[in-house]
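Thanks for coming, everyone. I'll put the structure up, and then we'll walk through it piece by piece.

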Amino acid sequence: MTVPVYPAKPQPGDRVAVVSPSAGLPGLFPHVYELGLRRLRDELGLEPVEYPTTRVMGADPRDRARDLTAAFADPTITAVLATVGGDDLITVTPYLDDDVLRANPKPYFGYSDNTNVLNHLYRLGAVGYHGGSVLVHLGRSGKPHPLTLDSLRAALFTTGWYELTAASEWGDEPRDWRDPATLAEEPPMYPSEGWRWHGPARVVQGRTWGGNLEILHWLMAADRVPRAADLAGSVLVLETSEEMPTAQEVFRIVRNMGERGLLAAVPAIVVGRPKAWDFDRPHSVAERLAWAADQREAILSALAPYAGDPVVVFDVDLGHTDPQVIIPYGGEIRVDAAERRIAVRY
């Protein structure tokens, strides 16, 4: 497989595509979306360009694919940002025009269900960016988290190494988007104990692959993941969504990755802090910490028969919790277990 190539970066003042290939939630929550667009302009200096399905819930997968392909084809567009995730992007990627995507590589930002697009671009030979959401992160109530905004700015505009910082606080209780009045309120945050390290004290540098764990399971079922041999030496990045799969389900998915051979040649694994609160499951902080501990144990148990002795880092702020740092997908990462540092190359 061809080593993924970094696309050229935008410059402040550029036009960037804002698309909803997964779910047209901007149409349901325009006040959150417009706030995100305003911050995209004011905080990052970029000019957002919408596409026909950006605010349409339930748009035909072919129409969403047409919009995404058009964003890559437009020579005046220098980056593509997903508004949010969803649950059916796996039906959209088969309709993408791969010739257009190959001929016009651009930085693509998204996470969660957007793992489908990131994996698709990876297989086409382009580096993408796991993270960033116009609604969730730029539309965050109160203000964008400084750690998120710094990482997003660096990923958008710079090309060198970027040292990740363990967040001093975390949260997973977004304000209710159905109530516009809550946009002025900061979400609740809690003290963080930082990253948790397991495995040997060595330095691993490689290309990243992975994303949202539930979506990876779907991609394995659809036979759309790279061959195990192509992932040799890669650093696996995993995170779970607001659907909050149980520790047992996480164990089974990681075990299935092992059965497919995807874990055998992976020297390091970086795992996002799991989201453990939702509106229909308002867990206490103690319950959330216990949930995270159960997830860590499940992953380590599933890795044991398949993965040799990898470096494993838990509770990195890269998934569905707040703040969120951007991880290059198919790009370089350096995991230094001796110094307990992580750097990525944007």
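What covers the buried residues of helix 1? Keep in mind that this is a predicted model. The cover includes strand 1, residues 15-19, and strand 2, residues 47-50. It also includes strand 3, residues 77-82, and helix 5, residues 134-138.

Now helix 1 itself. It runs over residues 30-42, so to speak, 13 residues in total. From its first C-alpha to its last it reaches 18 Å. That is close to the 18 Å expected at 1.5 Å a residue. Which of its residues are buried? They are Val32, Tyr33, Leu35, Gly36, Leu37, Arg39 and Leu40.

Next, helix packing. Start with helix 4, residues 115-124, and helix 7. Their axes come within 9 Å and cross at roughly 55 degrees. That makes helix 4 and helix 7 oblique to each other. Helix 4 passes helix 7 in a right-handed crossing. Who makes the contact? From helix 4, it is Thr115, Asn116 and Asn119. From helix 7, it is Ile215, Leu216 and Leu219. By class, that gives three nonpolar residues, three polar and no charged ones.

Stay with helix 7, residues 213-221, and turn to helix 8, residues 247-259. These two pack at an angle of about 45 degrees. Their axes are 10 Å apart. Angles from 35 to 65 degrees fall in the oblique class, so helix 7 and helix 8 are oblique to each other. The crossing of helix 7 past helix 8 is left-handed. Helix 7 brings Leu213, Glu214, Leu216, His217 and Met220 to the contact. Helix 8 brings Glu249, Val250, Ile253, Val254, Asn256 and Met257. By class, this contact has seven nonpolar, two polar and two charged residues. Notice Leu216: it touches helix 4, and it also touches helix 8.

Helix 8 has another partner, helix 9, residues 285-303. How far apart are the axes of helix 8 and helix 9? They are 8 Å apart, and the angle is about 25 degrees. Angles under 35 degrees count as roughly parallel, so helix 8 and helix 9 are roughly parallel to each other. Their crossing is right-handed. On the helix 8 side, the contact is Ala247, Val250, Phe251, Val254 and Arg255. On the helix 9 side, it is Asp294, Gln295, Ala298, Ile299, Ser301, Ala302 and Leu303. The classes here are eight nonpolar, two polar and two charged. Val250 and Val254 of helix 8 are in this contact, and they are in the contact with helix 7 too.

One more residue in helix 9: Ala293. At 30% relative accessibility, Ala293 counts as partly exposed. Its C-alpha is separated from that of Met57 by 36 Å. Along the chain, those two are 236 residues apart.

Last, some backbone details. Where is Ser112? It lies in the loop between strand 4, residues 108-110, and helix 4. Its phi is near 60 degrees, a positive value in a residue other than glycine. Ser112 counts as buried, at 8% relative accessibility.

Asp315 is in strand 13. Phi of Asp315 is near 65 degrees, again positive in a residue other than glycine. Asp315 is buried, with a relative accessible area of 5%.

Finally, a cis peptide bond joins Asp322 and Pro323, with omega about 0 degrees. Pro323 sits in the loop between strand 13, residues 311-316, and strand 14, residues 327-329.

Definitions and conventions. Residues are numbered from 1 along each chain as its sequence is written. This is a predicted model: local features need pLDDT of at least 70, side-chain atom pairs count only at pLDDT 80 or more; totals for chains, interfaces and linings use all residues. Side-chain values use heavy atoms; hydrogens and water are left out. Axes are lines fitted to C-alpha atoms, for helices over the stretch in contact, and angles run from 0 to 180 degrees between N-to-C directions. Helices (H or I, at least four residues) and strands (E, at least two) are DSSP runs, numbered from the N terminus. Angles under 35 degrees count as roughly parallel, over 145 as roughly antiparallel, 65 to 115 as roughly perpendicular and the rest as oblique. A crossing is left-handed if the near helix is turned anticlockwise from the far one by less than a right angle, and right-handed if clockwise. Contact means heavy atoms within 4.5 Å. Ala, Val, Leu, Ile, Met, Phe, Trp, Tyr, Cys and Pro count as nonpolar, Asp, Glu, Lys and Arg as charged, and the others, Gly among them, as polar. The expected span of a helix is 1.5 Å times one less than its number of residues. Buried means under 20% relative accessible area, exposed over 50%, partly exposed in between (1.4 Å probe, protein chains only).
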